[in-house]
Amino acid sequence: VPMVAPGNVQVHVINSTLAKVHWDPVPLKTVRGHLQGYKVYYWKVQSLSRRNRRHVEKKILTFRGNKTFGMLPGLEPYSSYKLNVRVVNGKGEGPASPDKVFKTPEGVPSSPSFLKITNPTLDSLTLEWGSPTHPNGVLTSYILKFQPINNTHELGPLVEIRIPANESSLILKNLNYSTRYKFYFNAQTSVGSGSQITEEAVTIMDE
């Protein structure tokens with residue numbers, strides 16, 4: 001098997017899901033056989049928004065021939081990763097380079113995990129929601145937009161409310177009685193807004 005590990009491993013983080021890794025080629029005489037390529041082993045150490053440590057699944061990408069760089073796609077935003085590089089010949093892999101740590105920046109969050117609308121009265125509705133399964137960063141706020149829908153399914157004026165990120169429910173007051181409303185709800189990080197979920201609910205006709 002090859003005798004030495006690739007040197008001078010460098011990681012350039014391109015965005016929240018993509019990084020580029022560079023390395024110096026090993027001297028050909030240390031390959032001790034036919035150079036097949038280089039393997040990059042990489043794995044997520046932890047999510048920076050959640051402290052839980054999961055079973056670490058190592059991923060491997062093989063770059064054929066005498067390439068000295070490769071792209072690592074499909075990374076999770078706002079996470080800490082480690083990687084190392086090994087050279088491969090027909091017999092197997094050489095030793096691993098020292099582990100290199102890199103971090104991906106924040107991304108936009110996934111949609112809130114649920115939006116439930118309860119307790120209709122003449123002029124109010126109660127909203128409850130769950131935080132996104134993948135915050136992909138530090139949540140800064142939720143954005144609620146809603147508008148009435150009339151009997152001919154036309155949409156009325158849109159109202160927008162910004163809600164602090166630590167809230168999980170809201171009572172909407174001063175609504176019209178016996179009116180259907182459409183709600184659009186999403187979470188935000190400093191990078192931007194995540195995908196929204198929509199829901200409809202009706203205030204009651206009379207007490």
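## A guided tour of the strands

Begin by selecting strand E3 (residues 35-47) and E6, which run antiparallel and are joined by 11 bridges. Strands (E, at least two residues) and helices (H or I, at least four) are DSSP runs, numbered from the N terminus, and two strands pair if DSSP finds at least two bridges between them. This is a predicted model, in which local features need pLDDT of at least 70 and side-chain atom pairs count only at pLDDT 80 or more, while totals for chains, interfaces and linings use all residues. Residues are numbered from 1 along each chain as its sequence is written, and side-chain values use heavy atoms, with hydrogens and water left out.

**Strand E6 and its partners**

Within this pairing, select Val40 and then Val85 in E6, which is its bridge partner. Next, display the surroundings of E6: 10 of its 11 residues are buried, so the strand is largely enclosed by the rest of the structure. Here, buried means under 20% relative accessible area, exposed over 50%, and partly exposed in between (1.4 Å probe, protein chains only). Add strand E7 (residues 100-103), which is joined to E6 by 4 bridges and runs antiparallel to it.

**Ser80**

Now centre the view on Ser80, which is found in strand E6 (residues 79-89). Is this residue buried or exposed? Ser80 is buried, with a relative accessible area of 8%. Its bridge partner in E7 is Lys103. Leaving aside neighbours within four places in sequence, Ser80 is in contact (heavy atoms within 4.5 Å) with Trp43, Lys44, Val45, Gln46, Leu48, Val101, Phe102 and Lys103.

**The open sheet**

Select E1, E2 and E5 next; they form an open sheet of 3 strands in the order E1-E2-E5, with antiparallel pairing. Strand E1 (7-15) and strand E5 (69-72) stand at the edges, and each has a single partner strand, so one side of each is left without a neighbour in the sheet. From one strand to the next, the twist averages 20 degrees; for such angles, axes are lines fitted to C-alpha atoms (for helices over the stretch in contact), and angles run from 0 to 180 degrees between N-to-C directions. Strand E2 (residues 18-24) pairs with E5 in the antiparallel sense over 4 bridges. To inspect this pairing, select Ala19, which stands opposite Leu72 in E5.

**Leu125**

Finally, move to Leu125 in strand E9 (residues 125-132). Leu125 counts as buried, at 1% relative accessibility. Select Pro148 as well: the two residues are 23 residues apart along the chain, and their C-alpha atoms are separated by 13 Å.
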